[in-house]
Amino acid sequence: QRLLQAYYLAKPYVKGDLLELGCGEGRGVELLSPLADSYLALDKIQEVINRLKQKYPNVAFEQAVFPPFSRLEDNSFDSIVSFQVIEHVKDDSGFLAEIHRVLKPGGIAVLTTPNIKKTLTRNPWHVREYTAKELTGLASKYFSKVTMKGVGGNEKVMTYYEQNKKSVQKITRFDIFNLQYRLPAPLLRIPYDIMNRINRNKLNTANTGLVAEINHEDYLLVEDGDKALDLFLILEK
(Lines give C-alpha, C1' and ligand atoms only; values in the text may rest on other atoms or scores of the structure.)
Protein backbone atom coordinates (compact mmCIF):
# COMPACT_ATOMS: atom_id res chain seq x y z
CA GLN A 1 0.00 0.00 0.00
CA ARG A 2 2.89 2.34 0.75
CA LEU A 3 4.45 1.66 -2.65
CA LEU A 4 1.11 1.98 -4.43
CA GLN A 5 0.47 5.41 -2.94
CA ALA A 6 3.54 6.79 -4.71
CA TYR A 7 1.73 6.31 -8.02
CA TYR A 8 -1.30 8.19 -6.77
CA LEU A 9 0.90 11.02 -5.52
CA ALA A 10 2.69 11.17 -8.87
CA LYS A 11 -0.49 11.57 -10.94
CA PRO A 12 -0.39 15.40 -11.05
CA TYR A 13 3.09 15.26 -12.59
CA VAL A 14 2.36 12.75 -15.36
CA LYS A 15 1.71 13.92 -18.90
CA GLY A 16 2.75 13.30 -22.49
CA ASP A 17 5.37 10.63 -23.05
CA LEU A 18 5.97 8.73 -19.81
CA LEU A 19 8.98 6.63 -18.81
CA GLU A 20 8.97 4.35 -15.76
CA LEU A 21 12.34 3.14 -14.51
CA GLY A 22 12.04 -0.11 -12.56
CA CYS A 23 8.37 -0.96 -13.07
CA GLY A 24 8.52 -4.21 -11.09
CA GLU A 25 5.23 -6.10 -11.28
CA GLY A 26 3.49 -3.16 -12.94
CA ARG A 27 1.79 -1.91 -9.80
CA GLY A 28 0.99 1.53 -11.22
CA VAL A 29 0.44 0.85 -14.92
CA GLU A 30 -3.37 0.92 -14.83
CA LEU A 31 -3.29 4.11 -12.79
CA LEU A 32 -0.82 6.13 -14.87
CA SER A 33 -1.34 4.87 -18.41
CA PRO A 34 -4.60 6.84 -18.99
CA LEU A 35 -2.72 10.05 -18.14
CA ALA A 36 0.05 9.55 -20.71
CA ASP A 37 0.18 9.74 -24.50
CA SER A 38 2.74 6.92 -24.47
CA TYR A 39 4.16 4.75 -21.68
CA LEU A 40 7.52 2.97 -21.73
CA ALA A 41 8.41 0.86 -18.70
CA LEU A 42 11.84 -0.66 -18.07
CA ASP A 43 12.83 -3.41 -15.66
CA LYS A 44 15.80 -5.76 -15.44
CA ILE A 45 13.85 -9.02 -15.04
CA GLN A 46 12.86 -10.47 -18.41
CA GLU A 47 10.21 -12.82 -16.99
CA VAL A 48 8.38 -9.87 -15.45
CA ILE A 49 8.56 -7.93 -18.70
CA ASN A 50 7.11 -10.88 -20.61
CA ARG A 51 4.12 -11.12 -18.25
CA LEU A 52 3.46 -7.40 -18.39
CA LYS A 53 3.53 -7.34 -22.18
CA GLN A 54 0.69 -9.86 -22.21
CA LYS A 55 -1.29 -8.09 -19.51
CA TYR A 56 -0.93 -4.55 -20.86
CA PRO A 57 -0.61 -4.68 -24.67
CA ASN A 58 -1.00 -0.90 -25.01
CA VAL A 59 2.10 -0.18 -22.90
CA ALA A 60 5.68 -0.71 -24.11
CA PHE A 61 7.81 -2.84 -21.79
CA GLU A 62 11.53 -3.46 -22.27
CA GLN A 63 14.16 -5.39 -20.34
CA ALA A 64 17.03 -3.12 -19.38
CA VAL A 65 19.84 -2.80 -16.85
CA PHE A 66 20.60 0.83 -16.18
CA PRO A 67 22.23 3.28 -16.11
CA PRO A 68 22.83 4.21 -18.86
CA PHE A 69 19.55 4.25 -20.77
CA SER A 70 21.47 3.34 -23.88
CA ARG A 71 18.52 2.98 -26.25
CA LEU A 72 16.76 6.18 -25.26
CA GLU A 73 17.27 9.46 -27.10
CA ASP A 74 17.98 12.85 -25.52
CA ASN A 75 14.96 15.01 -24.63
CA SER A 76 12.42 12.28 -25.35
CA PHE A 77 10.10 12.11 -22.31
CA ASP A 78 7.74 14.60 -20.68
CA SER A 79 7.47 12.61 -17.46
CA ILE A 80 9.58 10.04 -15.63
CA VAL A 81 8.68 8.02 -12.53
CA SER A 82 10.94 5.70 -10.55
CA PHE A 83 9.81 4.36 -7.20
CA GLN A 84 12.06 2.56 -4.71
CA VAL A 85 14.76 2.07 -7.35
CA ILE A 86 17.66 4.50 -6.85
CA GLU A 87 18.69 2.79 -3.59
CA HIS A 88 19.42 -0.34 -5.65
CA VAL A 89 21.48 1.49 -8.31
CA LYS A 90 25.25 1.43 -7.81
CA ASP A 91 25.86 4.47 -10.02
CA ASP A 92 23.25 6.82 -8.58
CA SER A 93 24.96 9.88 -10.07
CA GLY A 94 24.85 8.31 -13.52
CA PHE A 95 21.22 7.38 -12.94
CA LEU A 96 20.23 10.98 -12.24
CA ALA A 97 22.36 12.30 -15.09
CA GLU A 98 20.59 9.95 -17.49
CA ILE A 99 17.17 11.02 -16.20
CA HIS A 100 18.15 14.61 -16.95
CA ARG A 101 19.38 13.66 -20.41
CA VAL A 102 16.21 11.91 -21.56
CA LEU A 103 13.77 14.42 -20.04
CA LYS A 104 12.42 17.06 -22.38
CA PRO A 105 12.95 20.70 -21.35
CA GLY A 106 10.18 21.45 -18.87
CA GLY A 107 9.77 17.76 -18.13
CA ILE A 108 9.31 16.41 -14.60
CA ALA A 109 10.71 13.32 -12.90
CA VAL A 110 9.35 11.92 -9.62
CA LEU A 111 11.37 9.48 -7.50
CA THR A 112 10.82 7.82 -4.14
CA THR A 113 13.32 6.05 -1.93
CA PRO A 114 13.43 5.08 1.76
CA ASN A 115 14.32 7.81 4.24
CA ILE A 116 17.34 6.40 6.07
CA LYS A 117 16.28 8.26 9.22
CA LYS A 118 13.25 5.97 9.42
CA THR A 119 14.99 2.75 8.43
CA LEU A 120 14.75 0.12 11.17
CA THR A 121 17.67 -2.06 10.12
CA ARG A 122 20.11 -2.43 7.28
CA ASN A 123 18.54 -3.71 4.07
CA PRO A 124 21.27 -5.74 2.33
CA TRP A 125 19.45 -5.43 -0.99
CA HIS A 126 20.07 -1.66 -0.97
CA VAL A 127 23.37 -0.20 -2.17
CA ARG A 128 22.70 2.83 0.01
CA GLU A 129 19.93 4.94 1.52
CA TYR A 130 19.71 8.73 1.85
CA THR A 131 18.71 11.57 4.09
CA ALA A 132 16.62 14.28 2.45
CA LYS A 133 19.63 16.60 2.44
CA GLU A 134 21.93 14.02 0.84
CA LEU A 135 19.57 13.19 -2.01
CA THR A 136 18.70 16.84 -2.61
CA GLY A 137 22.39 17.67 -2.87
CA LEU A 138 23.05 14.83 -5.30
CA ALA A 139 20.09 15.72 -7.51
CA SER A 140 21.05 19.40 -7.52
CA LYS A 141 24.22 18.53 -9.42
CA TYR A 142 22.04 17.73 -12.43
CA PHE A 143 18.79 19.65 -11.94
CA SER A 144 18.36 23.35 -11.26
CA LYS A 145 14.88 22.84 -9.81
CA VAL A 146 14.75 20.20 -7.06
CA THR A 147 11.85 19.82 -4.63
CA MET A 148 12.08 17.40 -1.73
CA LYS A 149 8.92 16.19 -0.01
CA GLY A 150 8.05 12.89 1.62
CA VAL A 151 5.58 10.06 1.95
CA GLY A 152 4.37 9.87 5.52
CA GLY A 153 1.47 8.16 7.21
CA ASN A 154 -1.54 8.82 9.35
CA GLU A 155 -2.02 7.56 12.90
CA LYS A 156 -2.72 3.97 11.79
CA VAL A 157 0.41 3.84 9.67
CA MET A 158 2.62 5.28 12.38
CA THR A 159 1.18 2.92 14.98
CA TYR A 160 2.13 0.03 12.71
CA TYR A 161 5.58 1.58 12.22
CA GLU A 162 6.14 1.74 15.98
CA GLN A 163 4.97 -1.85 16.43
CA ASN A 164 7.31 -2.94 13.66
CA LYS A 165 10.16 -0.97 15.22
CA LYS A 166 9.71 -2.69 18.59
CA SER A 167 9.54 -6.09 16.93
CA VAL A 168 12.70 -5.46 14.90
CA GLN A 169 14.54 -4.25 18.00
CA LYS A 170 13.76 -7.53 19.74
CA ILE A 171 15.62 -9.29 16.95
CA THR A 172 18.53 -6.89 16.43
CA ARG A 173 19.35 -6.68 20.16
CA PHE A 174 21.14 -10.01 19.72
CA ASP A 175 23.46 -8.45 17.11
CA ILE A 176 25.91 -7.33 19.79
CA PHE A 177 28.78 -7.08 17.30
CA ASN A 178 26.75 -4.95 14.85
CA LEU A 179 27.27 -7.55 12.13
CA GLN A 180 24.39 -6.23 10.04
CA TYR A 181 26.59 -3.26 9.14
CA ARG A 182 29.95 -5.03 9.13
CA LEU A 183 29.31 -8.12 7.03
CA PRO A 184 29.16 -8.04 3.20
CA ALA A 185 25.62 -7.53 1.96
CA PRO A 186 25.35 -10.85 0.04
CA LEU A 187 25.90 -12.81 3.27
CA LEU A 188 23.01 -11.02 4.92
CA ARG A 189 20.36 -11.31 2.21
CA ILE A 190 18.98 -14.75 3.00
CA PRO A 191 18.81 -14.29 6.80
CA TYR A 192 17.39 -10.79 6.26
CA ASP A 193 14.60 -12.10 4.03
CA ILE A 194 13.77 -14.91 6.46
CA MET A 195 13.67 -12.68 9.53
CA ASN A 196 11.79 -9.95 7.69
CA ARG A 197 9.09 -12.40 6.62
CA ILE A 198 8.80 -13.88 10.10
CA ASN A 199 8.47 -10.41 11.59
CA ARG A 200 5.83 -9.26 9.09
CA ASN A 201 3.82 -12.45 9.49
CA LYS A 202 3.92 -12.00 13.25
CA LEU A 203 2.58 -8.47 12.97
CA ASN A 204 -0.01 -9.55 10.43
CA THR A 205 -1.40 -12.29 12.65
CA ALA A 206 -1.40 -10.18 15.80
CA ASN A 207 -4.90 -9.66 17.14
CA THR A 208 -5.04 -5.94 16.29
CA GLY A 209 -6.52 -5.86 12.76
CA LEU A 210 -4.19 -2.97 12.02
CA VAL A 211 -2.39 -4.44 9.00
CA ALA A 212 -5.64 -5.34 7.24
CA GLU A 213 -7.05 -1.88 7.85
CA ILE A 214 -4.20 0.06 6.20
CA ASN A 215 -4.66 1.04 2.55
CA HIS A 216 -2.84 3.40 0.23
CA GLU A 217 -4.93 6.39 1.34
CA ASP A 218 -3.39 6.13 4.79
CA TYR A 219 -0.07 7.26 3.31
CA LEU A 220 0.22 11.02 2.83
CA LEU A 221 2.37 13.53 1.00
CA VAL A 222 4.25 15.60 3.59
CA GLU A 223 6.38 18.70 3.14
CA ASP A 224 9.25 17.64 5.40
CA GLY A 225 11.12 14.71 3.86
CA ASP A 226 13.19 14.24 7.03
CA LYS A 227 10.07 13.18 8.94
CA ALA A 228 8.69 10.92 6.21
CA LEU A 229 8.98 7.17 5.71
CA ASP A 230 10.02 7.68 2.09
CA LEU A 231 11.62 10.62 0.35
CA PHE A 232 9.52 12.04 -2.51
CA LEU A 233 11.80 13.83 -4.94
CA ILE A 234 10.48 16.09 -7.73
CA LEU A 235 12.95 17.09 -10.47
CA GLU A 236 12.22 19.57 -13.23
CA LYS A 237 14.40 20.13 -16.28
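1. Start at Arg128. Its side chain reaches the backbone oxygen of Val89 at 2.5 Å. The backbone oxygen of Lys90 lies 2.9 Å from a polar atom of the Arg128 side chain. A polar contact here is a pair of N or O atoms within 3.5 Å; within protein, one must be able to donate a hydrogen and the other to accept it, and residues adjacent in sequence count only if both atoms are side-chain atoms.

2. A word on provenance. This is a predicted model: local features need pLDDT of at least 70, side-chain atom pairs count only at pLDDT 80 or more, and totals for chains, interfaces and linings use all residues. Residues are numbered from 1 along each chain as its sequence is written, and side-chain values use heavy atoms, with hydrogens and water left out.

3. Back to Arg128. It lies in the loop between β5 and α5 (132–139). Helices (H or I, at least four residues) and strands (E, at least two) are DSSP runs, numbered from the N terminus. Arg128 is buried, because its relative accessible area is 18%. The cut-offs: buried is under 20%, exposed is over 50%, partly exposed is in between (1.4 Å probe, protein chains only). Not counting residues up to four places away in sequence, Arg128 touches Ile86, Glu87, Val89, Lys90, Asp91 and Asp92. Contact means heavy atoms within 4.5 Å.

4. Now the sheet. It is open, has eight strands and mixed pairing, and runs β3-β2-β1-β4-β5-β8-β6-β7. Two strands pair if DSSP finds at least two bridges between them. At the edges sit β3 (60–63) and β7 (219–222), each paired on one side only. Neighbouring strands are turned by 20° against each other on average, direction ignored. Axes are lines fitted to C-alpha atoms, for helices over the stretch in contact; angles run from 0 to 180 degrees between N-to-C directions.

5. Helix α3 (residues 46–55) packs on this sheet. It touches β2 (38–43) and β3, and its direction makes about 165° with that of β3.

6. Which strands does β8 pair with over seven bridges in the antiparallel sense? Strand β6 (residues 145–153) is one such partner of β8 (residues 230–236). Strand β5 (residues 103–114) is another, again antiparallel and joined by seven bridges. On the β6 side, Val151 is bridged to Asp230, and Met148 to Leu233. On the β5 side, Thr113 has Leu231 as its bridge partner. β8 is mostly covered, with six of its seven residues buried.

7. Helix α6 (residues 155–172) passes a length check. At 1.5 Å a residue, its 18 residues should span 26 Å; the end C-alpha atoms are 25 Å apart, which agrees. The expected span is 1.5 Å times one less than the number of residues.

8. Which residues of α6 are buried? They are Val157, Tyr160, Tyr161, Asn164, Ser167 and Val168. These cover an arc of only 135° around the axis, so they lie on the same side of α6. The arc is that of the directions from the helix axis to the C-beta atoms. The face turned away from the buried side carries the exposed residues Glu155 and Lys166. At the start of α6, a side-chain oxygen of Asn154 comes within 3.1 Å of the backbone nitrogen of Lys156.

9. Last, Glu30 in helix α2 (residues 29–32). Glu30 is exposed, because its relative accessible area is 57%. Its side chain still makes a polar contact of 3.4 Å with that of Tyr56. Glu30 and Val59 are 29 residues apart in sequence and 9.8 Å apart in space, C-alpha to C-alpha.
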